[in-house]
Amino acid sequence: MKIRGPIVTLGAVAVLGIGIWLVNVSKEDPEPAPPAAQATTSTTAAPAPAPAPPPPPPAPAFPAKADYVGKIPIATGTITLDISVEGEKAIAYACDGKSIETWLRGPAVNGLVSLASKDKTSRLEGRLEGDSVVGTLWIGEKKWDFKADPAQPPAGLYVYEEAGVRSSWIIDGEGGVTGVQRRPDGSTVRAPGLSLDATSVIDGRTVVATRVEGDSDV
Amino acid sequence: MSDPTAQMPTQAVRTGSSGIAVLVTVILGAIVAVGLGVFGKIHEPQFFSISVAGFSSGTAVKSWLATLAVTLALFQLASAFAMYRLIPGGKAPSWIGTAHVWSGRLAVLASVPVAVHCLYALGFQSGDNRVLFHSLFGCFFYGAFVTKMLLLTRKGLRGWVIPVAGGLVFFGLVYVWLTSALWFFQTNGITF
């Protein structure tokens, strides 16, 4: 066995890891680095490796993973909306904490989300504007404009289903919880409370709700 | 890479100190594992990391890179068995050692972008058991890997030390894969 080989391997792993990390960190700041070396030193410098092709114009794009939460005042209360984007898929849930609820899903590409419920009675069209998603939500005959702002975990969508009873919750950016429980007969009531650690007491038993993200199959 | 003179000092001090040498490598590996975990916990998740073009999502890229690493790791296991003459058929082919080294390098390098994405975009999390164990095994894997690499630089170890270390690295990677890529493929289907 070679003596230096393993050290080379360790070094390669460290260099690759740190390198990718630094590229990530450099992307944190959207301000592009000035391409100084390219323009000014070309007269004498030896031919540098071909510069990477210029990045495409900054099209609005969703983060790899994000949750957006918005509140829509309606005649009978407030509808809370959470849009969870992961990759190129989004899933959204809207409910009023009493009886209205709808799950929507669909693609999220180029800063646009276009979602619909399974039975097509609800839909949502939204676009990225700054860091927020603005758009329109249709439920049945009604429609509302909304603005949903980015929210960090534990904010997001949670669901727990057992014996045909589905409880769905939104935790908003301030830690507020809104949820609706759907019974097997299709009736809807206010969902039991949900703690910020995603546990809920349903019929006297403590259960753990599943966090739902854009890519989830709910 | 083969530098025979580099072996001399190590060989000179090997006797009697092999236990301490093993202890030192294990401690260094533990520092790496705990350090990664602490770092992943402290660093604020960015929910974003550079990705590879051509895949549907960052998670898909990670799952496939992890699967590549596990596939190479399976070859690692097989080639290690051959090197220790544990497979029927007697002598191992002469190239098996080199193949073992390079498949291992490729495996761990394939895992690095995945791990950076995990640490950078998500961090050490304990939301549910799958995520908790994935985080723990992920840190354990790199700690065990560091220990194994450092052990390889030591001479005069007891015969079982390297196989045990290699086995732990393999175990760590397989469990990392089971708690992530397999879960991804089960919930999303085999997607690219």
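This dialogue walks through some features of chains A and B.

Biologist: Before we look at anything, what kind of model is this, and how are its residues and chains labelled?

Modeller: This is a predicted model, in which local features need pLDDT of at least 70 and side-chain atom pairs count only at pLDDT 80 or more, while totals for chains, interfaces and linings use all residues. Residues are numbered from 1 along each chain as its sequence is written, chains are lettered from A and ligands numbered from 1 in the order in which they are written, and side-chain values use heavy atoms, with hydrogens and water left out.

Biologist: How many helices and strands does chain B have?

Modeller: Helices (H or I, at least four residues) and strands (E, at least two) are DSSP runs, numbered from the N terminus. Chain B has 7 helices and 0 strands, and its pattern along the sequence is α-α-α-α-α-α-α.

Biologist: What share of chain B counts as buried?

Modeller: A residue is buried under 20% relative accessible area, exposed over 50% and partly exposed in between, with a 1.4 Å probe and protein chains only. By that rule, 43% of the 192 residues of chain B are buried.

Biologist: How should I read the packing of helices α4 and α5 of chain B?

Modeller: Two packed helices are described by the angle between their axes and the distance between the axes. Axes are lines fitted to C-alpha atoms, for helices over the stretch in contact, and angles run from 0 to 180 degrees between N-to-C directions. Here α4 (residues 96–122) and α5 (residues 129–152) of chain B pack at an angle of about 140°, their axes being 12 Å apart. Angles under 35 degrees count as roughly parallel, over 145 as roughly antiparallel, 65 to 115 as roughly perpendicular and the rest as oblique, and α4(B) and α5(B) are therefore oblique to each other. Contact means heavy atoms within 4.5 Å; the residues that make it include V108(B) and A115(B) of α4(B), and F141(B) and F145(B) of α5(B).

Biologist: Is F137(B) buried or exposed, and which residues does F137(B) touch?

Modeller: F137(B) sits in helix α5 of chain B and counts as buried, at 16% relative accessibility. Leaving aside neighbours within four places in sequence, F137(B) is in contact with F171(B), G172(B), Y175(B) and V176(B). The C-alpha atoms of F137(B) and V169(B) are separated by 9.9 Å, with the two residues 32 apart along the chain.

Biologist: Turning to chain A, what is the order of the strands in the open sheet of 5 strands?

Modeller: Strands of a sheet pair through backbone hydrogen bonds, either parallel or antiparallel, and two strands pair if DSSP finds at least two bridges between them. In chain A the order is β12-β11-β10-β9-β15, with antiparallel pairing. The edge strands are β12 and β15 (210–212) of chain A, each of which pairs on one side only. Strand β11 (residues 177–182) of chain A is joined to β12(A) by 3 bridges, and Q181(A) stands opposite V189(A) in β12(A).

Biologist: Which backbone details of the chain A loops can I look up?

Modeller: One is the cis peptide bond that joins P153(A) and P154(A), with omega about 10°; P154(A) lies in the loop between β8 (142–151) and β9 (156–162) of chain A. Another is N110(A), which has a positive phi of about 55° although it is not a glycine, and which is exposed, with a relative accessible area of 59%. A198(A), also not a glycine, has a positive phi near 70°, but A198(A) is buried, with a relative accessible area of 8%.
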